[in-house]
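Trainee: Please pick a single part of this model and look at it closely. I would like one connected account that begins with a charged side chain and follows the links from there.

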Amino acid sequence: MKILLSGGAVYRNGGMEPLEIAVDGGRIVSVGRGLPRDGFRVIELENRLIVPGFVDVHVHLREPGFCYKETIAAGTAAAAAGGYTAVCAMPNLNPVPDSEEHLQAELDAIARDAAVHVYPYGSITAGEKGDALADLAAMAPHAAGFSDDGKGVQSGDMMRRAMALAKTLDRPIVAHCEDEALITPGWRVHDGAYAQAHGLTGNDPASEWKQVERDLALVRETGCRYHVCHVSTKESAELVRRAKAEGLPVSCETGPHYLLLCDGDLQDHGRFKMNPPIRSAEDRDALVEALRDGTIDCIATDHAPHSAEEKAGGLRGSLNGVVGLECTFAVLYTGLVKTGKVPLETVLNALCVNPRRIFRLPGGELEAGAPADLTVLDLDRKGVVDSGTFRSLGKATPFDGWEVDAAVAMTICGGKIVYREGEA
């Protein structure tokens, strides 16, 4: 399909320019003003903003093994609706992708059903059980990195071995940091004011940052590229800030719910239940500052769908995990950019520039010859987050009912329109 995007602005080199983009054969063929229209389907953008397609480095697509929660088809349709042209898929599947054979089952499903680019992670340990290393070498050619997301690697020696091997394979360790020795069994929310007021068992922030601290010491030993998942505490952010100042090959992400919510916003509903939990206002504000100063590189949704039944038990009885692919940009723009807390450029870099740089993924340049992976944003589109309209099988988002001031108007992946607002 030959497409000409006209009448909008293009985000590149940290600025916005009124330019047209022509797409043909899965590539951008030209960027400029007054481009030839013959043979192209012209789409008038009406002052909307064209940006590189978003990348989410932390999603759970649940297939194979848990298709009643989500499928690759539904999850990537949700990604497209949220402006994402690429996602990195977590390995807590059945079978766990801990060998080339087990990873192949996921790769086959991706090839068959994915609407956007999907880069899977291999697990760090066999079965994500923490007892033995997975076959990292066999998976490396196909994997974005290695993670045991959902569980922290409890053994420091095991993590050291994983980092040393990942270093030789030139793949990052992508760490869910959770020291189980510091967790009170049966925790429900952050160990803070809400937990105390409602008689709930709290999750100690040290259970996260202490393992970040351990892993950073191992990075000093091994030189491994290391990425911290879903940073939720002010201490974790400060540890990463210091590691970067030291020159360590470290990066991190946080989620939109940690940037926009605190435990004072909690409701006794499964859509507020996730791991790590939403923390204090002090933590939230520290994460916003860490995003502003470049400590936090990426905003990742940790899109983790469950069935309605699994999320129906409130804070006490629901499984951990919320979804966010389809509303993340809208809530970030409304809650951070429109309020003046974070520049738009910072949010865009965290969604579409830094993830590609850190994980060495293709695309990201809106120039002739680059892959045609583009997102078109409407920065003047009021609406309401309605999980009932989500393409994802998961509906549990803490942002349900939020009034927003922006929307994704179109997503183009590989030169094909994979989402257009108002169209099925």
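**A charged pair and what surrounds the rest of the chain**

Mentor: Lys-382 has a relative accessibility of 61%, so this residue counts as exposed. Keep in mind that the model is predicted.

The side chain of Lys-382 meets that of Asp-405 in a salt bridge, with N and O 2.8 Å apart. Lys-382 is in the loop between strand 17 (374–378) and strand 18 (383–384), while Asp-405 is in the loop between strand 19 (403–404) and strand 20 (407–413), so the bridge ties together parts that are 23 residues apart in sequence. What is the burial of Asp-405? Its relative accessible area is 16%, and because the cut-off for buried is under 20%, Asp-405 is buried. The salt bridge therefore has one exposed partner, Lys-382, and one buried partner, Asp-405.

This pair belongs to a longer list, since the model has a count of 26 salt bridges. Another of them joins the side chains of Arg-220 and Glu-246, at 2.7 Å from N to O. Here the partners sit in helices: Arg-220 in helix 6 (residues 206–222) and Glu-246 in helix 7 (residues 234–246), so parts that are 26 residues apart in sequence are tied together. Arg-220 is partly exposed, at 45% relative accessible area. Glu-246 is also partly exposed, at 44%. A further salt bridge joins Glu-46 and Arg-48, whose closest N and O atoms are 3.9 Å apart. Glu-46 is exposed, with a relative accessible area of 59%. Salt bridges can also be chained: Glu-238, Arg-241, Arg-242 and Asp-293 are linked in a network of them. A charge can meet a ring as well: the charged end of Lys-2 sits over the ring of Phe-40, 4.7 Å from its centre.

Rings also meet rings, and the count of aromatic pairs is 5. Phe-54 and Tyr-84 make one edge-to-face pair, with 5.6 Å between the ring centres and 65° between the planes. Phe-54 is in strand 8 (residues 54–59) and Tyr-84 in strand 9 (residues 84–89), so the pair links distant parts of the chain, 30 residues apart. Are these two residues buried or exposed? Phe-54 has 0% relative accessibility and counts as buried. Tyr-84, at 1%, counts as buried too. Ring pairs extend the group into a cluster of Phe-54, Tyr-84, Phe-329 and Tyr-333.

Two members of that cluster appear again in the nonpolar interior. The largest nonpolar core has 100 residues, and Phe-54 and Phe-329 are among those with the most contacts inside it, as are Phe-146, Ile-173, Tyr-226, Leu-259 and Leu-348. Helix 11 (residues 328–337) gives the largest share of this core, 7 residues. In soluble globular proteins, nonpolar side chains tend to be buried together. Phe-329 touches Phe-54, Leu-344, Leu-348, Leu-351, Leu-377, Leu-379 and Ala-406, once residues up to four places away in sequence are set aside. Apart from this there is a second, separate core of 18 residues, which includes Val-10, Ile-21, Ile-43 and Met-410.

Ile-21 leads to a group of strands. Its bridge partner in strand 5 is Val-31, and strands 4 and 5 (residues 27–32) pair antiparallel over 5 bridges. These two strands form a hairpin with 2 residues between them, and Gly-25 in the turn has a positive phi of about 60°. Strand 4 also runs antiparallel to strand 1 (residues 3–6), joined to it by 3 bridges. In that pairing, Ile-3 has Val-23 of strand 4 as its bridge partner. Strand 4 (residues 20–24) is mostly covered, with 4 of its 5 residues buried.

One more buried residue brings us back to helix 6. Cys-224 lies in the loop between helix 6 and strand 14 (226–228), and at 0% relative accessibility it counts as buried. Leaving out neighbours within four places in sequence, the contacts of Cys-224 are Met-163, Ala-166, Lys-167, Arg-171, Ile-173, Val-219 and Pro-249. One of these, Ile-173, is also listed among the residues with the most contacts inside the largest core. Between Cys-224 and Asp-170 the C-alpha to C-alpha separation is 8.0 Å, with their positions 54 residues apart in sequence.

Terms used:
Residues are numbered from 1 along each chain as its sequence is written. This is a predicted model: local features need pLDDT of at least 70, side-chain atom pairs count only at pLDDT 80 or more; totals for chains, interfaces and linings use all residues. Side-chain values use heavy atoms; hydrogens and water are left out. Buried means under 20% relative accessible area, exposed over 50%, partly exposed in between (1.4 Å probe, protein chains only). Two strands pair if DSSP finds at least two bridges between them. Rings of Phe, Tyr and Trp (its six-membered ring) pair if their centres lie within 6.5 Å; planes under 30 degrees apart count as stacked, over 60 as edge-to-face and the rest as tilted. A charge sits over a ring if NZ of Lys or CZ of Arg is within 6 Å of the ring centre and within 35 degrees of the ring normal. A salt bridge is a side-chain nitrogen of Lys or Arg within 4 Å of a carboxyl oxygen of Asp or Glu. A nonpolar core is a set of buried Ala, Val, Leu, Ile, Met, Phe, Trp, Tyr and Cys residues joined through side-chain atoms within 4.5 Å. Contact means heavy atoms within 4.5 Å.
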